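Here are some short exercises for getting to know a new structure. Try each task yourself before you read the worked solution below it.

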Amino acid sequence: MYNKINSADISYLKSIIDDERVLSGVQITEDYSHDELGDIKSYPDVLIKVKSEDEIALVMKYANEHNIPVVVRGSGTGLVGAAVAINGGIMLETTSMNRILELDEENLTVTVEPGVLLMDLAEFAESHDFLYPPDPGEKSATIGGNISTNAGGMRAVKYGVTRDYVRGLRVVLPNGEIEELGGKIVKNSTGYSLLNLMIGSEGTLGIITKAILKLIPLPKITESLLVPFPSVTKGIRAVPEIIKSKASLTAIEFFEREAILFSESYLGKKFPDTSSPAYLLLTVDGNDREVVDNELTSVAKLCMELGAADAFIVDTDERKDSVWKARGAFLEAIKASTTEMDECDVVVPRNKVAEFIEYTHGLAEELGIRIPSFGHAGDGNLHVYVCRDELGSEKWQELLALAFSKMYKKAEELSGLVSGEHGIGFAKKQYMHDLYGDTQIELMRGIKKVFDPNNILNPGKLF
Amino acid sequence: MKIIVCVKQVPGTSNVEVDPVTGVLKRDGLCAKLNPYDLFALETGFRLKEKSGGEITTISMGPPQAKESLLETVYMGADNGVLLSDRAFAGADVQATSYALKTGVEKIGKYDLIICGKQTTDGDTAQVGPELAEQLGIEHAANVISVDEIDGEYITVTVNLDSVYQTQKMKLPCLITIEKDACTPRLPSFKRKFATSPDAVVVYTAKDLDNLDAERCGLKGSPTQVERIFPPEAGGDRVIFNSGDELSDKLFDILSEKKFL
């Protein structure tokens, strides 16, 4: 068991950090008791709005010596309860550590503090003619959070995920020691990659205080095609064919009309086309007008051969805005359409996406509940939402558990995994355990023990 | 019903650089696009055609490459396009532009309705539409947010006068300019693109236009003298005028969007 925070602890914390940044009891607002999905709730005893690595190191040293649990929180946009203080204790909030420290144009890297928001980093990079390719839908997430979940996003088809863009990290270990992992280097065969272990560890192994991220030159042209299909099956079954055609696409997104209609009412803005039941949104980028045009034309032709009703051109800022804004709002829009929901962020091999989506449609019918979905069809990562709507509490819990266990079982059958980009956190622990089995979970526990023998950093998460 | 929609090709980016010495827009290497305001005019036209049938012709004055923008209107839903392109038209201000468009419209022939965007993103005058109506001697309404009714004889529209909305009934033929965000414009279609012949857009030079008075065209026909062009200062904070509940709702939305709440 952990030690409960007492007044002596608070006095000490206030002696090393400004009073007004150390909050306790009723000073901590409700927002800090949960993350974006909201169904896992627990307040920290103390909330510290940290400003520097030194502060974090001092707090960790103290917490480790006094057996107090610590959880790190960025913007709180997580979806699996990873940043919820389920054991109380100390919460370190990093959004004040939001400086972009250096742009190194010779090494093509940018060095940032963990609280920098993804949208601010993207804008900074673009204003210097660079691209930070990871592009998760939640733009107000912090980079620290993105690294901790190995966030993916829509450009993963061509550019990969957050892990592929982290060159180096500075971290505070659970005992307060500070270590640098990786660096501004491109290659690294120097022992185990502790850097990669830290990425995606959901705040359980160390606290990121600085990140060196890789940038690429900004492609001059980025255009999309919005492709309507006469049926969900036709749309989703076109994806493997498009991939097989070797088209060089940055993003392949799939969504159904239902999601568009929700986002229309959520944003109060009409989508350019809602005449078809299913859509693919395909993006091409490049530096040569002719090459991009040819690519778009051949993909449009292919889609129409595969049964698409048309292929609409999304080329200007205004058109991109009208389409991508709606796409970016799907999660919030589906959330606003129901009383409560839970999300399955499953990932399957790309050629199994259609089978999985069709399975969720059958499941919705079988269980008599609504299961809308959308997702990154091009990389096999789907976001499937089980909606409570008007169900009573008991029935909801029962059907939710049933729907989830069936979906993860199906994912396993298709050689998929529990989470593509949102992580395991608290909410999906059991499903990961079921899928990985004891051996892999024990290996993970062993790693955790080496980093954090007293189990004070984000305990109760992942396993 | 015969509808004419006026469009313009403008620089493809809002980050237009202005040469600090000459005050001229640096167009080199810039991609071009349809004036975003014109998309609402086009969409209004397409919807009227869907409802009442007829034909939509788009018209533009510009350099030869503006043909691309007119073809794009065909990919969106227009039946055909007309480009007025001649060195004689170059350097035109609003008066000379609307004069050239007038002769172009007369060349197209009989029409029931002319639709323009409210303004362009490069010139920003919002005057060409109303001035074209004056040159043609027809009625017009600017800043239209909706077409409420149309029959063979009259059109009823709602006009945004900032502090009030005004309903206006006009006899056809007439001209309307469409307010930004009056509707969501449709996207250009590859299906239509594959089916479109390049002949869908005809190009007229000065000599193709009947009764054209060369003195009223281009730089010669432009009473406006440009002293200096400079980009407007980028807007910073927003000022929102509204009252009570509406204002608090708007503020709440903005703060939520920025994740302050």
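The exercises that follow are about a predicted model, and each one comes with a solution in steps.

**Exercise 1. Chain B as a whole**

Find how many helices and strands chain B has, and what share of its residues counts as buried.

Solution. Start with the elements: chain B holds 6 helices and 11 strands. Next, turn to burial: 38% of the 261 residues of chain B count as buried. Finally, look at the contacts in chain B between residues at least 6 apart in sequence: 70% of them join residues at least 24 apart.

**Exercise 2. Helix α1 of chain B**

Compare the span of helix α1 of chain B with the expected span, then list the buried residues of the helix.

Solution. Step one is to count: α1 of chain B runs over residues 36–52, which is 17 residues. Step two is the span: from the first C-alpha to the last, the helix reaches 25 Å, close to the 24 Å expected at 1.5 Å a residue. Step three is burial: the buried residues of α1(B) are Tyr37(B), Asp38(B), Leu39(B), Phe40(B), Ala41(B), Leu42(B), Glu43(B), Thr44(B), Gly45(B), Phe46(B) and Leu48(B). Now step just past the end of α1(B), where Gly53(B) has a positive phi of about 75°.

**Exercise 3. Where the two chains touch**

Work out how many residues each chain brings to the contact between chain B and chain A.

Solution. Chain B gives 13 residues and chain A gives 19 residues. On the side of chain B that touches chain A, the elements giving two or more residues are α1 and α5 (190–195) of chain B. Sorted by class, this side of chain B has 6 nonpolar, 3 polar and 4 charged residues.

**Exercise 4. Two helix pairs**

Decide how α3(B) lies against α4(B), and how α7(A) lies against α12(A): oblique or roughly antiparallel?

Solution. Two packed helices are described by the angle between their axes and the distance between the axes. Take chain B to begin with: helix α3 (residues 94–108) and helix α4 (residues 128–136) of chain B pack at about 55°, with their axes 9 Å apart. That angle makes α3(B) oblique to α4(B). The crossing of α3(B) past α4(B) is right-handed. Residues of α3(B) that meet α4(B) include Val94(B), Tyr99(B) and Leu101(B), while those on the α4(B) side include Val128(B) and Leu132(B). The residues of this contact of α3(B) with α4(B) are 7 nonpolar, 4 polar and 2 charged.

Now go to chain A: the axes of helix α7 (residues 232–244) and helix α12 (residues 353–367) of chain A come within 8 Å and cross at roughly 155°. Angles over 145 degrees count as roughly antiparallel, and α7(A) and α12(A) are therefore roughly antiparallel to each other. Among the residues making the contact are Val232(A) and Ile236(A) of α7(A), with Val353(A) and Ile357(A) of α12(A). By class, the residues of the contact of α7(A) with α12(A) are 6 nonpolar, 1 polar and 2 charged.

**Exercise 5. Two residues of chain A**

Say how exposed Ile10(A) and Glu442(A) are.

Solution. Ile10(A) sits in helix α1 (residues 7–16) of chain A. Ile10(A) has 16 other C-beta atoms within 10 Å, so this residue is partly exposed. Leaving aside neighbours within four places in sequence, Ile10(A) is in contact with Ile5(A), Val22(A), Ser24(A) and Val46(A). Glu442(A) belongs to helix α15 (residues 438–451) of chain A. Glu442(A) counts as exposed because it has 12 C-beta neighbours inside 10 Å.

Note on methods: Residues numbered from 1 in each chain as written. Chains lettered and ligands numbered in written order. Predicted model: local features only at pLDDT ≥ 70, side-chain atom pairs only at ≥ 80, totals over all residues. Helix = DSSP H or I, 4+ residues; strand = E, 2+ residues; numbered from the N terminus. Expected span 1.5 Å × (residues − 1). Buried ≥ 20, exposed ≤ 12 C-beta atoms within 10 Å, placed from the backbone. Contact = placed C-beta atoms within 7 Å. Nonpolar A, V, L, I, M, F, W, Y, C, P; charged D, E, K, R; others polar. Axes fitted to C-alpha atoms, helices over the stretch in contact; angles between N-to-C directions. Parallel < 35°, antiparallel > 145°, perpendicular 65-115°, else oblique. Left-handed = near helix turned anticlockwise from the far one by under 90°.
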